[in-house]
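Subject: Structure handover

Hi,

Here is the structure I promised to pass on to you. Have a look at it first, and then read on for what turned up.

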Amino acid sequence: MTTAFLAWVVQQSWTMDLVKSTTVFVAALLILRFARNHSASVRHQVASAGLLVGVALPFLGPIVPSIELPETSLSRLRTATLADGSTPSAPAKVTPAASSPAPNRSSEWSPFDVPSMCLLIWTAGTLFLVVARLRDFQRVRRLTHRSTENAPLQSIAGEIAARLGVRSFDVRLHDDVPVPLTWGFRRTWVLLPTSAATWPLARQEAILLHELLHAKRRDYLVLWAVELSRCVSWFHPMAWWLARRSSIECELACDEAVVDHGMQPWNYANLLLEIARTARGGTPEIGLAAVRPGGLAHRVQKILEPLPPSRRLVRTRALAIGALLLVAGGAAPWSAARPPSELHLEVHELQRALWLLGDLEDPRSLDRLIRSLQDPRAAVRATAAWSLGEIKQPAALPALSKALQDEDLYVREMVIRAIGEHENTGSLPTLESLLSVEEPTLRAAVAWAFSQIRHGRSVNALSQLSRDPDASVRLQALVGLDDLRQPVVPVAKRRLADPDPGIRAWACRTLGVHNASEAVDRLLAALRDPHPEVRAAASWALDEVSSH
């Protein structure tokens with residue numbers, strides 16, 4: 001029966017249509033693979049065209065060459081369905097005078113209603129998705145009708161639209177708009193959150209430029225074509241992948257254009273991440289949203305990564321021509337023309353962008369953060385290390401271990417803490433090699449890192465650090481032992497005699513938390529401690545013990 005079913009499938013017209021569509025989809029994926037160093041605009045065109053052509057191909061049967069399987073293959077499949085199960089040695093020669101005997105229908109596989117069932121399932125899936133898209137469209141229209149105008153934003157958008165050549169547009173505000181959104185066929189509507197009215201001018205200009213670039217590129221028409229194609233080919237996983245890739249590349253194309261218009265990449269990436277953090281609610285599929293959480297980390301990575309060779313060459317030539325003009329005019333060198341405050345601002349904005357990448361905890365930003373560990377600015381390297389600790393990907397541990405040789409003390413401290421954040425027992429040898437490091441700040445960071453890894457070796461290391469000559473290291477080690485659920489009451493009793501008042505106060509609080517009634521005499525003695533923090537902690541601990 002299996003062979004008969006395959007024979008039936010091969011003879012169906014839709015099988016060949018599916019083969020043709022899949023061939024186009026695979027070709028589009030291969031082109032995208034080789035076009036990864038080209039502009040996002042090119043990749044957007046490839047993804048969209050590949051999806052549209054692949055979906056339309058089955059409907060163009062009269063003008064597209066058909067794919068025929070060899071006759072021998074079909075003959076073998078048909079032969080397998082004979083009643084006696086025998087295979088003829090040679091195909092029978094049919095003459096007009098002789099009529100072939102009727103096949104034995106009782107043994108053939110007869111799919112009575114499979115075609116009808118397949119058609120019914122495909123129609124139901126297509127209608128469901130089309131209705132969902134129409135509901136999204138109506139939702140956007142209702143938001144637009146209930147939105148309010150904003151004269152300052154309309155004026156800013158008017159200046160940008162004049163440069164881009166966009167004529168018919170409106171900027172509206174509404175509380176229920178989670179992120180900036182653009183839609184419209186003949187007239188472009190830019191919907192912004194109500195908070196956009198109070199955004200800094202630079203953010204307003206960047207977002208309006210991004211949205212109006214969609215209008216210039218006619219992206220909304222392409223979006224509808226892509227969505228309808230996905231509705232028709234909903235059963236094909238490659239159609240979904242190409243539709244998603246088209247959406248991501250569409251946003252990246254506008255991102256590249258915004259950066260090409262003069263905005264610093266790290267400022268723009270920071271802006272997008274801030275909008276994503278403050279966004280609430282979902283965004284409609286039928287609408288060009290400036291930020292969608294799914295592909296945000298990939299977009300930020302693309303914005304921050306170096307330009308492809310072709311675009312980098314153009315940018316380099318432009319800078320060279322500008323430098324020659326400055327020298328010819330007797331101007332100061334380009335590097336001297338940038339005030340220190342501007343350089344500091346760039347570092348601050350890049351730090352903010354990297355911090356937000358870590359806050360999103362998206363592993364797709366891993367490569368970008370690892371490259372930032374090589375940044376010449378220590379503040380950027382330290383922020384990248386912190387973000388790698390937040391993402392907690394084992395692939396980052398080799399780069400973090402290498403960064404332990406960094407020349408900056410604060411960077412090394414953040415690297416140690418990032419290693420601890422991973423909670424990976426494989427990092428224990430690396431941390432144990434730092435137990436005798438010279439700087440107390442680093443030893444305290446090592447103690448904290450050990451407290452994140454639940455293992456017997458961590459307990460041994462913290463016990464060693466609890467006898468460190470530096471008080472901050474001892475305190476961090478004692479807190480770490482408590483975090484690892486180790487018996488700290490005996491240790492706390494001994495630490496009531498520690499020379500550091502901070503550790504004595506910790507000992508009192510620890511005895512109170514654990515209701516150590518056997519330590520009441522020592523807590524009473526601590527009430528006479530010369531340091532007020534210790535006396536207050538001892539009083540609180542006695543109240544805790546007496547209440548239990």
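Which residues does Ser 387 touch, not counting those up to four places away in sequence? This is a predicted model, so please read everything below with that in mind. In it, the contacts of Ser 387 are Leu 354, Trp 355, Gly 358 and Leu 369. Ser 387 sits in helix α15, which spans residues 378-391. Its relative accessible area is 0%, so Ser 387 counts as buried, the cut-off being under 20%.

Phe 34 gives a contrasting case. This residue belongs to helix α2 (residues 13-34), and Phe 34 is classed as exposed because its relative accessibility is 69%, where exposed means over 50%. Together with Val 26 and Leu 30, Phe 34 makes up a nonpolar surface patch with about 320 Å² of accessible area.

Next, the inside of the protein. Searching the whole structure turns up 1 cavity of 30 Å³ or more. The volume of the largest cavity is about 90 Å³. It is lined by 12 residues, and those closest to its centre are Gly 184, Phe 185, Thr 188, Ala 215 and Tyr 220. Two or more lining residues come from each of β3 (181-183), α7 (201-217) and α8 (219-232), with α8 giving the largest share, 3 residues.

Helix α8 also brings us to the charged pairs. The count of salt bridges is 19, and I picked out three for you:

- Arg 230 and Glu 227 form a salt bridge with their closest N and O atoms 2.7 Å apart. The two lie about one helical turn from each other, because they are 3 residues apart in helix α8. Both of these residues are buried.
- Arg 245 pairs with Glu 249, where the closest N and O atoms are again 2.7 Å apart. Here the spacing is 4 residues within helix α9 (residues 237-260), so about one helical turn separates them. Arg 245 and Glu 249 are buried too, and a network of salt bridges links them with Arg 43.
- Arg 509 and Glu 533 meet through their side chains at 3.9 Å, N to O. This pair connects distant parts of the chain, 24 residues apart, with Arg 509 in helix α23 (residues 501-513) and Glu 533 in helix α25 (residues 532-547). Arg 509 is partly exposed at 35% relative accessibility, and Glu 533 is partly exposed at 37%.

Happy browsing, and best wishes!

Conventions: Residues numbered from 1 in each chain as written. Predicted model: local features only at pLDDT ≥ 70, side-chain atom pairs only at ≥ 80, totals over all residues. Heavy atoms only, no water. Buried < 20%, exposed > 50% of the residue type's maximum accessible area, 1.4 Å probe, protein only. Contact = heavy atoms within 4.5 Å. Patch = residues over 30% accessible without salt bridge, like charges linked within 9 Å, V, L, I, M, F, W, Y side chains within 5 Å. Areas by Shrake-Rupley, 256 points an atom, 1.4 Å probe, with all protein chains shown as cover. Salt bridge = Lys/Arg side-chain N within 4 Å of Asp/Glu carboxyl O. 1 Å grid on protein atoms, 1.4 Å probe; cavity = no way out; pocket = protein on both sides within 12 Å on 5 of 7 lines; lining within 4 Å. Points joined across faces, edges and corners; volume = space filled by probe spheres on them.
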